[in-house]
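Welcome! Open your viewer, get comfortable, and let us take a short walk together.

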Amino acid sequence: VILVGELSLWVALLVAAWATITSFAGGALRRTDLVASGERAIYATWAFVVLASAGLWTALITHDFSLRYVASFTSANLPFVYTLTAFWAGQAGSMLFWCLILSTYTAIAVFTNRHQNRVLMPYVAGTLGAITLFFLATMCFGQSPFERLDWIPADGRGLNPQLQNPGMAIHPPNLYLGYVATAVPFAFAIAALITRRLDGEWLAAVRRWSLVSWFFLTVGITLGMWWAYVELGWGGYWAWDPVENASLLPWLTGTAFLHSIMIQEKRGMLRKWNVTLVVTTFLLAILGTFITRSGVISSVHSFAQSPVGNWFAALLGICVAVTAYLVATRLKDLEANAELESMVSREAAFLYNNLLLVGIAFSVLWGTLFPILSEAVRGSKITVGPPFFNAVNVPLGLLLLGLTGVGPLIAWRRASVANLQRQFAVPVFGGVATLALLLASGMRQPSAVAAYALAGFVATTILQEFYKGIGARRRMHGESIPIAFVRLVARNRRRYGGYIVHAGVVILFCAFAGLAFKRENDVTLKAGESFQTTDPYGHQWRFVSEGLSVDTKLNRRIIAIGLKPTRDGKPMPLIESEKRQYFDSQNQDTFEPATVVGIQEGLRQDVYVVLAGVVNDDTAEVRITFNPLVWWVWYGGMIMAIGGLIVMWPQAGRRKESGYAAVMETAGVR
Amino acid sequence: MNARVKFLIGGAVILGGAGLLMANAIKQTGEYYLTPQELETKVTADPSFAGTGVKVGARVVTGSIVRAPSGREVSFRVTDGAQTIPVVYRGIAPDTFTDGVDVVVEGRLAADGTFHATTLLAKCASRYENAPEKYRATPGYKEAAKT
């Protein structure tokens with residue numbers, strides 16, 4: 001099966017090349033037989049990539065250590081689940097995984113569009129085929145997951161213990177699913193540009209796929225933060241590391257696109273901008289893979305440097321050139337159908353939302369690439385760290401949070417005074433009341449106060465919308481509140497799903513602002529000794545050390561410390577933190593020691609304990625951190641994802657679109 | 001003034017503000033990322049440079065790590081092959097910090113030529129990618145038949 005997998009890779013390469021050529025040729029020459037052949041080749045590519053993946057999985061499960069990849073990332077004593085997830089633990093496997101997802105998406109896109117979008121599809125299939133071809137080529141000519149060693153080790157090196165975590169088993173696939181899904185809108189954009197059909201049908205298709213990508217990126221980023229927090233033991237969840245930034249960038253531009261596309265749907269504006277955003281999102285996804293894979297930017301994530309970096313640089317260059325050419329030659333077709341009428345309108349709010357999201361994306365990109373840029377321009381590497389990202393993104397983020405409340409309520413075209421009063425009187429009161437309450441309670445950190453006051457405003461707008469909607473249903477249908485709520489959301493998925501996403505955003509911002517109140521203590525404790533401190537809420541804590549204990553398990557040696565905490569004199573559950581040294585089946589130490597963090601989770605704060613070191617066998621170096629509101633980061637992210645799911649869930653027998661889209665439809669443009 | 005112009009002015013204000021924030025933040029928090037050799041060159045050229053906060057990326061000299069009994073301080077030497085400098089770090093060293101790993105230290109060079117680090121990041125090339133070569137010497141491993 002392994003040999004079959006390896007061969008499948010080469011067959012897939014040939015078939016993908018065939019798919020690309022016939023699809024483009026079929027589209028250009030309007031030959032339906034070529035188009036049909038191209039689509040069959042797309043399905044065939046998918047089948048062969050699946051075979052290749054099955055081959056790698058078989059090799060992993062059967063512990064065939066003659067493969068370099070298997071020997072590098074697994075060992076005989078690795079738990080079964082992680083044997084499966086080792087598929088994407090390294091470079092070559094990740095590429096195959098990209099390929100697997102991409103060819104699956106391509107097959108789905110081709111299948112679901114077999115009766116529609118017929119003019120666009122040859123080019124969509126061709127573009128996606130070309131991207132698949134690229135990834136197959138990196139494996140066939142660059143680094144193959146099926147590379148054999150000229151000797152057979154009795155055991156492999158094993159998987160890094162930090163990757164042996166359930167979060168790490170599902171975080172990378174989600175990110176990849178998100179990254180790769182940006183390729184489909186990109187392909188549709190290219191197809192639409194080539195055929196000069198930039199309305200109606202491409203909008204619908206692109207929006208759906210962008211939502212898919214946005215959903216998986218949201219889940220992936222949230223899981224990534226959670227993993228960093230519980231596994232890495234530095235006390236935070238976001239360090240503005242290049243690899244983290246790389247995942248945020250396409251999310252930001254994707255979010256911008258999902259908003260600006262509404263303006264094109266309703267008013268026919270922003271067509272150039274939307275095409276640009278779709279393409280940018282894809283390029284940033286590729287750039288993200290390039291950054292994480294090439295080693296051009298030093299990151300603590302420190303993936304191996306590899307020649308595949310150059311491949312990605314080439315791909316980026318080609319994509320930029322092709323799109324720039326297509327957009328430049330089709331500017332006339334991208335003219336807007338309407339003008340901005342007023343600054344006090346939903347269009348304007350959305351435009352500012354886009355400006356902020358893209359501004360944030362740009363600053364993150366700038367900060368990430370700054371070491372390279374400064375070296376190229378001034379000859380010396382200058383790095384920027386979290387202070388840079390916070391200084392820039394806190395103000396921009398707060399403005400964006402404010403717009404989250406304004407955008408959905410303000411009228412299209414031109415808002416009247418009556419509209420403003422009706423929609424914003426209560427929310428503004430909500431915001432001001434929150435502000436007054438915070439100041440009265442003695443909170444003084446400017447950005448935290450601003451964040452909570454704005455959150456109060458936005459939360460009130462969302463509650464007001466649900467209150468109005470539920471009230472209307474109750475009057476009209478006499479439903480109970482829960483039923484009215486469910487039906488309200490189910491009948492208007494885009495609108496109320498969007499509000500749920502916004503509620504998640506509000507929760508996230510509140511959680512981020514909690515960081516301003518974080519308290520960190522470094523303590524040295526022998527058995528029986530204790531440490532006393534005050535948490536951000538003013539409670540008195542006392543931690544008594546239970547001393548160090550040593551243990552050996554299946555594949556690891558453990559040193560653990562137990563701390564018995566009391567809060568205001570009341571005993572709390574024991575918190576334990578461990579240092580683990582993993583070893584292989586030959587009893588050799590593998591990897592550096594890993595830390596297991598002791599976390600006592602709570603709605604108000606986490607108590608986060610890390611055993612940082614042991615001195616003289618009896619004295620523990622411990623870091624005790626109070627992390628306010630961290631719990632809400634995970635749940636804010638999950639609420640956003642659920643909102644996204646509601647928005648993209650297909651609605652049977654949905655109402656006709658209103659506004660610009662309806663006009664286009666009745667005019668027979670579709 | 002029509003709405004388009006007003007919007008563009010508003011946009012320019014936001015982007016300009018963001019640009020200023022970025023430039024300012026880079027000026028205040030941007031740090032040189034140097035190798036020991038480059039640091040030496042800079043300090044020789046301009047002795048006042050010694051007090052500037054910088055990041056130095058280099059490899060820990062094997063056998064040079066000395067941990068203070070308190071566990072809170074560790075001193076070691078780093079090298080880029082051309083230049084070696086002694087480093088003192090106050091704080092808790094990360095798990096990955098051992099002999100021969102690549103580290104990034106952040107801090108400043110003191111007058112006596114010792115680098116006082118306030119942060120210590122250790123990268124290990126083998127952190128996520130691991131070469132099986134080290135097992136070649138282990139008993140129990142069989143060479144595959146060369147074909």
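The stops below take you through helix packing, salt bridges and a surface patch. Keep in mind that this is a predicted model.

**Stop 1: the helices at the start.** Select residues 2-29 of chain A, which make up helix H1. Now add helix H2, residues 32-61 of chain A: the two axes are 7 Å apart and meet at an angle of about 160 degrees. That angle makes H1(A) roughly antiparallel to H2(A), and their crossing is left-handed. Next, show helix H6 (residues 121-142) of chain A, which packs with H1 at about 155 degrees, the axes being 8 Å apart. H1(A) and H6(A) are therefore roughly antiparallel as well, again with a left-handed crossing.

**Stop 2: salt bridges.** How many salt bridges does a search of the whole structure find? There are 12 over all chains. Pick A:Arg68 and A:Glu147, whose side chains meet at 3.4 Å, N to O. A:Arg68 sits in helix H3 and A:Glu147 in the loop between H6 and H7, so this pair ties together parts 79 residues apart in sequence.

Then select A:Glu265 and A:Arg494, with their closest N and O atoms 2.8 Å apart. This pair links helix H10 to helix H18, so it ties together parts that are 229 residues apart in sequence. A:Glu265 is buried at 12% relative accessibility, while A:Arg494 is partly exposed at 25%.

**Stop 3: a small network.** Select A:Arg473 and A:Glu479, joined by a salt bridge of 2.9 Å. Shared partners bring A:Arg487 into one network with them.

**Stop 4: the surface.** Finally, choose A:Phe362, A:Trp366 and A:Leu373, a nonpolar patch with about 270 Å² of accessible area together. A:Leu373 belongs to helix H13.

How values were computed: Residues are numbered from 1 along each chain as its sequence is written. Chains are lettered from A and ligands numbered from 1 in the order in which they are written. This is a predicted model: local features need pLDDT of at least 70, side-chain atom pairs count only at pLDDT 80 or more; totals for chains, interfaces and linings use all residues. Side-chain values use heavy atoms; hydrogens and water are left out. Patches are made of residues with over 30% relative accessible area and no salt bridge: like charges are joined within 9 Å, nonpolar side chains (Val, Leu, Ile, Met, Phe, Trp, Tyr) within 5 Å. Accessible areas come from the Shrake-Rupley method with a 1.4 Å probe; for residues, only the protein chains shown count as cover. A salt bridge is a side-chain nitrogen of Lys or Arg within 4 Å of a carboxyl oxygen of Asp or Glu. Helices (H or I, at least four residues) and strands (E, at least two) are DSSP runs, numbered from the N terminus. Axes are lines fitted to C-alpha atoms, for helices over the stretch in contact, and angles run from 0 to 180 degrees between N-to-C directions. Angles under 35 degrees count as roughly parallel, over 145 as roughly antiparallel, 65 to 115 as roughly perpendicular and the rest as oblique. A crossing is left-handed if the near helix is turned anticlockwise from the far one by less than a right angle, and right-handed if clockwise. Buried means under 20% relative accessible area, exposed over 50%, partly exposed in between (1.4 Å probe, protein chains only).
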